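These are my notebook entries on one structure, kept in the order in which I looked things up. I began with the strands and then turned to the charged side chains.

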Amino acid sequence: MRADARRRRRSCFALLLLAMLSACHQVDSPTAPRSPERSGGRVERGERRAVLEARSVRVQDGDSFIARTENGDSLTIRLSGVDAPERNQPFADHSRESLRFLLEHRRLQIRIAKYDAYDRAVAQVFSLGDGAPVDVGLVQLENGLAWFFRRYR
């Protein structure tokens, strides 16, 4: 019972932080037309921000996956602002399966903010389905399967 209360409190705190950060940051429409320089393909390290479309190839854990861009290049993605349990931690499998479910068989819009020390693209990822685009990192936070992580923002 005590662990459930702590988990709920953590989830509420993560949502509050995310809501505060989102209120200060205007997000472009994921369905807006893209300029030619923002089309699919490998984004070079020097570029500050890039937007590309891709599909998930393999989910590594609850906060990272490998994507294939429209032109066939592979890219390792780390969800921006999110940290999920590692393989040896409780709920790691559940978090990974949740991310797999969110990404599977969907087009993804990936907004790269930077690259980390492991050469992963740190990005905000939107799942583009039939309805409105879904922020994958936010869903992981809302479901209590990850927590806000300032370092990867």
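**Strand pairing**

I started with strand E1 (residues 50-61), which pairs with strand E5 (residues 107-115) in the antiparallel sense over five bridges. I note at the outset that this is a predicted model. Within that pairing I looked up glutamate 53 and found that glutamine 109 of E5 stands opposite.

I then followed E1 to strand E2 (residues 64-69), where six bridges join the two strands and the direction is again antiparallel. Here valine 59 stands opposite phenylalanine 65 of E2, and the two strands form a hairpin with two residues between them.

**Salt bridges**

How many salt bridges does the structure hold? I have six in my list, and I went through several of them one at a time.

Glutamate 53, which I had already met opposite glutamine 109, forms a salt bridge with arginine 107, and the closest N and O atoms are 2.9 Å apart. Because glutamate 53 lies in strand E1 and arginine 107 in strand E5, the pair ties together parts that are 54 residues apart in sequence. I also checked accessibility for both partners: glutamate 53 is buried at a relative accessible area of 15%, whereas arginine 107 is partly exposed at 37%.

Next I looked at arginine 78, which forms a salt bridge with aspartate 63, with 3.4 Å between the closest N and O atoms. This pair links distant parts of the chain, since arginine 78 is in strand E3 (residues 74-79) and aspartate 63 is in the loop between E1 and E2, 15 residues apart. Arginine 78 is buried, with a relative accessible area of 4%, and aspartate 63 is likewise buried, at 2%. I added that Asp63 and Arg78 belong, together with Asp83, to a network of salt bridges.

The third pair I wrote down is arginine 100 with glutamate 97, where the closest N and O atoms are 2.3 Å apart. Both residues are in helix H2 (residues 92-103), and because they are three residues apart there, about one helical turn separates them. Arginine 100 is partly exposed at a relative accessible area of 26%, and glutamate 97 is also partly exposed, at 42%.

**A buried acid without a salt bridge**

Which side chain of opposite charge is nearest to aspartate 61? I found that it is arginine 120, at 5.8 Å, and that aspartate 61 is buried yet has no salt bridge. The cut-off matters for this step: a salt bridge needs a side-chain nitrogen of Lys or Arg within 4 Å of a carboxyl oxygen, so a separation of 5.8 Å does not qualify.

I therefore looked for polar partners of aspartate 61, which lies in strand E1, using the limit of within 3.5 Å for a polar contact. Its side chain has a polar atom that lies 3.1 Å from the backbone nitrogen of aspartate 63, and a polar contact of 2.8 Å joins the side chains of aspartate 61 and serine 64.

**Rings**

Last, I looked up the aromatic residues and recorded zero aromatic pairs in the structure. I did find a charge over a ring, as arginine 106 lies over the face of phenylalanine 101, at 5.7 Å from the ring centre.

Methods. Residues numbered from 1 in each chain as written. Predicted model: local features only at pLDDT ≥ 70, side-chain atom pairs only at ≥ 80, totals over all residues. Heavy atoms only, no water. Pairing = 2+ DSSP bridges. Helix = DSSP H or I, 4+ residues; strand = E, 2+ residues; numbered from the N terminus. Phe/Tyr/Trp six-rings, centres within 6.5 Å; stacked < 30°, edge-to-face > 60°. Lys NZ or Arg CZ within 6 Å of the ring centre and 35° of its normal. Buried < 20%, exposed > 50% of the residue type's maximum accessible area, 1.4 Å probe, protein only. Lys, Arg positive; Asp, Glu negative; His and termini not counted. Polar contact = N/O pair within 3.5 Å; in protein donor to acceptor, adjacent residues only side chain to side chain.
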